[in-house]
Amino acid sequence: MLSEHAITVRSALEAAGLETPMVQNGLDRDQKYQRIEALMSEVMDTLGLDREDDSLNRTPHRIAKMYVDEVFAGLDYSQFPKMSVIENKMGVDEMVTVGDIDLTSTCEHHFVTIDGSAKVSYIPKDKVIGLSKINRIVRFFAQRPQVQERLTRQVLVSLQALLGTENVAVSIRATHYCVKARGIMDSNSHTTTTALGGNFRTDPRTRAEFLAMR
Ligand SMILES: Nc1nc2c(ncn2[C@@H]2O[C@H](COP(=O)(O)OP(=O)(O)OP(=O)(O)O)[C@@H](O)[C@H]2O)c(=O)[nH]1
Ligand SMILES: [Zn+2]
């Protein structure tokens, strides 16, 4: 059973063409565990690793657990965090910003880490959201195979749908380990992506205030 908020978010992403590309394979959690464990055993055998070794023998199981329950848990909307969205009785009409949100995700091209932080602002209309829920939404979408641009927009559109306003802005700055630890091996570069809605897009002062904020 999905929560009402999970359904709202999923519908908004589908309508915006921003849902992570997925197919329904009908596998339940235990079946995913078993299959990934078996396939990772094959990967290790293929690499010539000794799975009898006491340090290696539970690695296929650990990876299955890590994919299903941890780093890719956000593929499952039943894991969407419980939201507290309340009426804006206080009449807040100024920008609310949560900065320095820890973000660890996984690059969908190489399945290695994306390590960074996010900043999210919104200007309340009829609703305000519990602050920690913003962090939790970032975490939920980070727990998928991602490209940073999609992750940024998924957070934007989810909050717009939950808060009933276009006035949301998201910025993510991250280091991609597929750039740092392999390939070009650049350990200094980082990537910033921004997704702006409503006034953040149309009003240069609102945009500048958001971008300048830590
Ligand atoms: N736009 C975007 N690209 C990403 C992201 N994460 C990784 N990439 C890039 O995806 C690209 C995949 O390119 P390919 O040429 O197919 O893969 P590759 O041969 O492993 O590329 P190199 O990393 O250049 O060795 C690389 O340029 C990655 O840097 C992301 O979040 N957004
Ligand atoms: Zn990559």
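# Zinc, ligand 1 and salt bridges

User: Is His-110 buried, partly exposed or exposed?

Analyst: His-110 counts as partly exposed, at 36% relative accessibility. Buried means under 20% relative accessible area, exposed means over 50%, and partly exposed is what lies in between, using a 1.4 Å probe and the protein chains only.

User: Before we go on, what kind of model is this, and how are things numbered?

Analyst: This is a predicted model, in which local features need pLDDT of at least 70 and side-chain atom pairs count only at pLDDT 80 or more, while totals for chains, interfaces and linings use all residues. Residues are numbered from 1 along each chain as its sequence is written, chains are lettered from A and ligands numbered from 1 in the order in which they are written, and side-chain values use heavy atoms, with hydrogens and water left out.

User: OK, back to His-110. Which atoms coordinate the zinc ion?

Analyst: The zinc ion (ligand 2) is held by SG of Cys-107, ND1 of His-110 and SG of Cys-178, at 2.0 to 2.3 Å. Donors are N, O and S atoms within 2.8 Å of the metal (3.2 Å for Na, K and Ca), and a site may look incomplete, since water is not among the atoms. Along the chain, these donors follow the spacing C-x2-H-x67-C.

User: And Cys-107, buried or exposed?

Analyst: Cys-107 is buried, its relative accessible area being 3%.

User: What's around ligand 1, then?

Analyst: The residues around ligand 1 are His-109, His-110, Val-147, Gln-148, Glu-149, His-176, Cys-178, Val-179, Arg-182 and Gly-183, where a residue counts as near if one of its heavy atoms lies within 4 Å. By class, this shell has three nonpolar, five polar and two charged residues. For that sorting, Ala, Val, Leu, Ile, Met, Phe, Trp, Tyr, Cys and Pro count as nonpolar, Asp, Glu, Lys and Arg as charged, and the others, Gly among them, as polar.

User: Which polar atoms of His-109, Gln-148 and His-176 does ligand 1 approach, and at what distance?

Analyst: An oxygen atom of ligand 1 is 2.9 Å from an N or O atom in the side chain of His-109, and an oxygen atom of ligand 1 is 2.6 Å from a polar backbone atom of Gln-148. On the nitrogen side, a nitrogen atom of ligand 1 is 3.2 Å from an N or O atom in the side chain of His-176. The protein covers 49% of the 630 Å² of accessible area that ligand 1 has on its own, an area that comes from the Shrake-Rupley method with a 1.4 Å probe.

User: Which elements give two or more residues to that shell?

Analyst: Those are α5 (148–163) and α6 (177–180). Helices (H or I, at least four residues) and strands (E, at least two) are DSSP runs, numbered from the N terminus.

User: Switching topic: how many salt bridges are there?

Analyst: The structure holds eight salt bridges, each being a side-chain nitrogen of Lys or Arg within 4 Å of a carboxyl oxygen of Asp or Glu. One of them joins Arg-144 and Glu-19, at 2.8 Å from N to O. This pair links distant parts of the chain, 125 residues apart, with Arg-144 in the loop between α4 (131–142) and β5 (145–146) and Glu-19 in the loop between α1 (4–15) and α2 (29–47). Arg-144 is buried, at a relative accessible area of 0%.

User: What about Arg-29, what does it pair with?

Analyst: Arg-29 forms a salt bridge with Asp-69, with the closest N and O atoms 3.0 Å apart. Arg-29 lies in helix α2 and Asp-69 in helix α3 (residues 59–71), so the pair ties together parts that are 40 residues apart in sequence. Both are partly exposed, Arg-29 at 45% and Asp-69 at 29%. Arg-29, Asp-30 and Asp-69 are linked in a network of salt bridges.

User: Last one: where is Thr-152, and what does its side chain contact?

Analyst: Thr-152 sits in helix α5 and counts as buried, at 1% relative accessibility. Its side chain makes a polar contact with the side chain of Thr-193 at 2.8 Å. A polar contact is a pair of N or O atoms within 3.5 Å; within protein, one must be able to donate a hydrogen and the other to accept it, and residues adjacent in sequence count only if both atoms are side-chain atoms.
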